[in-house]
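Welcome! Here are some short exercises, each followed by a worked solution. Have a look at the model first, then work through them at your own pace.

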Amino acid sequence: MPYDLKQPIYLDYQATTPVDSRVLDAMLPYFSNIFGNAASKNHIYGQDAHRAVENAREVIGHSIRAKPQDICFTSGATEAINLAVKGTFFAHRSKTPHFITVITEHHALLDSMKRIESEGAKITYLPVDDQGILNIEKLKEAIRPETVLMSVMAANNEIGVIQPLLQIGHLCRERNIFLMTDATQALGKIPLDVQKMNIDLLACSAHKLYGPKGIGALYCRRSLPCVPIQPIIDGGGHERGLRSGTLNVPGIIGFAKAIEISIKEMKIENIRLLKMRNAMLLKLKKSLPNISLNGHPNLRLAGNLSICITGIDSEALLIALTNDVAISSGSACTTMSVEPSHVLKALGMADENVRSSIRIGLGRLTTEKEVDYASSRIIDEAIRLRNLR
Ligand SMILES: *Cc1c(COP(=O)(O)O)cnc(C)c1O
């Protein structure tokens with residue numbers, strides 16, 4: 001290990017990211033000096049907090065070309081997704097509504113769908129092709145007269161694949177159904193425009209883009225065509241009644257700062273990440289025969305490298321790398337179980353190849369030196385494991 005590398009090297013940026021120091025600086029005053037409750041507008045403390053929150057709302061709304069008043073703060077993307085899916089279901093429950101989604105979605109979405117399914121909703125789960133992309137024709141065929149909502153993620157958390165939201169949004173608007181997107185991995189990494197893409201609901205989270213954990217948002221359009229949704233958390237009527245609970249003011253300030261930085265630096269950062277990712281794949285391929293990339297080669301996030309190293313067990317590789325490189329396997333995605341990834345299986349991969357897959361996530365603090373060292377360690381251990389067979 002070269003002496004100037006922090007150990008183990010963090011290459012799991014799709015799981016979470018460290019808080020950017022500029023974000024932390026922006027947040028700090030809101031823990032102590034400006035600590036007011038943003039709902040206590042009858043004094044200066046509350047007014048200051050309220051003003052800061054509304055500024056942040058504007059920044060966050062602006063970043064996806066939404067109206068600030070259509071941004072509803074939540075505790076993260078999981079809650080935002082639950083609110084969007086269950087809230088839409090509650091608003092349409094008397095009519096046995098039909099929902100459409102995709103089998104490669106995050107568990108927060110799939111499990112919310114399962115929940116409303118058990119309460120009477122009808123759900124269609126669409127497949128993807130072997131590169132992880134949704135087929136628009138299949139979506140067209142799935143739409144029924146009672147379809148209320150189509151939900152598809154903007155970018156996948158395991159394989160980084162980016163869905164054709166522009167086309168999907170166009171179709172949904174034409175067929176008069178609402179489009180929801182889980183943009184947790186996409187926000188700050190690729191351009192998002194809820195107007196151009198006809199997105200009606202959008203979930204996102206601060207900790208995937210160098211902001212703090214425990215804060216996220218749901219964009220829910222209330223101008224025409226208005227998305228009717230009902231709250232799932234009741235109480236003081238915060239967030240226009242959509243999500244009660246005292247606002248996480250420092251979190252919201254950090255979220256806005258994180259988005260602002262990510263969008264400003266997006267272009268340059270994507271070029272930097274892409275260069276490192278391509279170099280890494282090349283290096284791995286050179287020393288390890290039979291490596292394949294999981295998911296579409298180009299329609300993917302710049303920082304995502306999901307690969308299958310044929311003949312190795314990814315869990316064994318991760319254990320061998322514990323002290324040197326922090327990456328993730330094709331299975332460790334749910335906290336409770338070690339099921340083979342539903343996303344990789346959806347690409348039509350054999351179970352054996354799913355078990356040989358790893359996810360490498362490059363990010364803002366990643367350097368060429370780190371990529372170099374991590375590649376060497378992965379190669380050494382993969383060769384050793386292959387020789388053991
Ligand atoms: C991380 C993630 C979530 C969950 O976000 P939290 O804010 O941690 O609840 C949902 N969807 C995707 C695509 C994610 O990457």
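This is a predicted model, in which local features need pLDDT of at least 70, side-chain atom pairs count only at pLDDT 80 or more, and totals for chains, interfaces and linings use all residues. Residues are numbered from 1 along each chain as its sequence is written, and side-chain values use heavy atoms, with hydrogens and water left out.

**Exercise 1. Find what holds the start of H7, then trace the helix.**

Step 1: Begin at Asn 248, where a side-chain oxygen comes within 2.9 Å of the backbone nitrogen of Gly 251, at the start of H7. Helices here are DSSP runs of H or I with at least four residues, strands are runs of E with at least two, and both are numbered from the N terminus.

Step 2: Compare the ends of H7, which covers residues 249-287: the end C-alpha atoms of this 39-residue helix are only 49 Å apart, whereas a straight helix would reach 57 Å. The expected span is 1.5 Å times one less than the number of residues.

Step 3: Look for a bend, and you will find one of about 65 degrees at Met 266. The bend is the angle between axes fitted to the seven residues ending at a residue and the seven starting there.

**Exercise 2. Describe how the two domains meet.**

Step 1: Mark domain 1 (9-19 + 266-388) and domain 2 (21-260); such bounds come from an automatic or database domain assignment.

Step 2: Count the residues in contact (heavy atoms within 4.5 Å): domain 1 gives 30 and domain 2 gives 35.

Step 3: Take the buried area, meaning the accessible area (1.4 Å probe) lost by two parts on being put together, summed over both. For these domains this is about 2,700 Å², with 59% on carbon and sulfur atoms. Val 19, Leu 301 and His 342 supply 23% of what domain 1 buries against domain 2, more than any other three residues.

Step 4: Check for salt bridges (a side-chain nitrogen of Lys or Arg within 4 Å of a carboxyl oxygen of Asp or Glu); the rule finds 0 across this interface.

**Exercise 3. Locate a salt bridge inside a helix.**

Step 1: The structure holds 22 salt bridges, and one of them joins Glu 54 to Arg 57, with the closest N and O atoms 2.9 Å apart.

Step 2: Both Glu 54 and Arg 57 lie in helix H2 (residues 44-63), 3 residues apart, about one turn of the helix. An α-helix has 3.6 residues a turn, so residues three or four places apart point the same way.

How values were computed: Polar contact = N/O pair within 3.5 Å; in protein donor to acceptor, adjacent residues only side chain to side chain.
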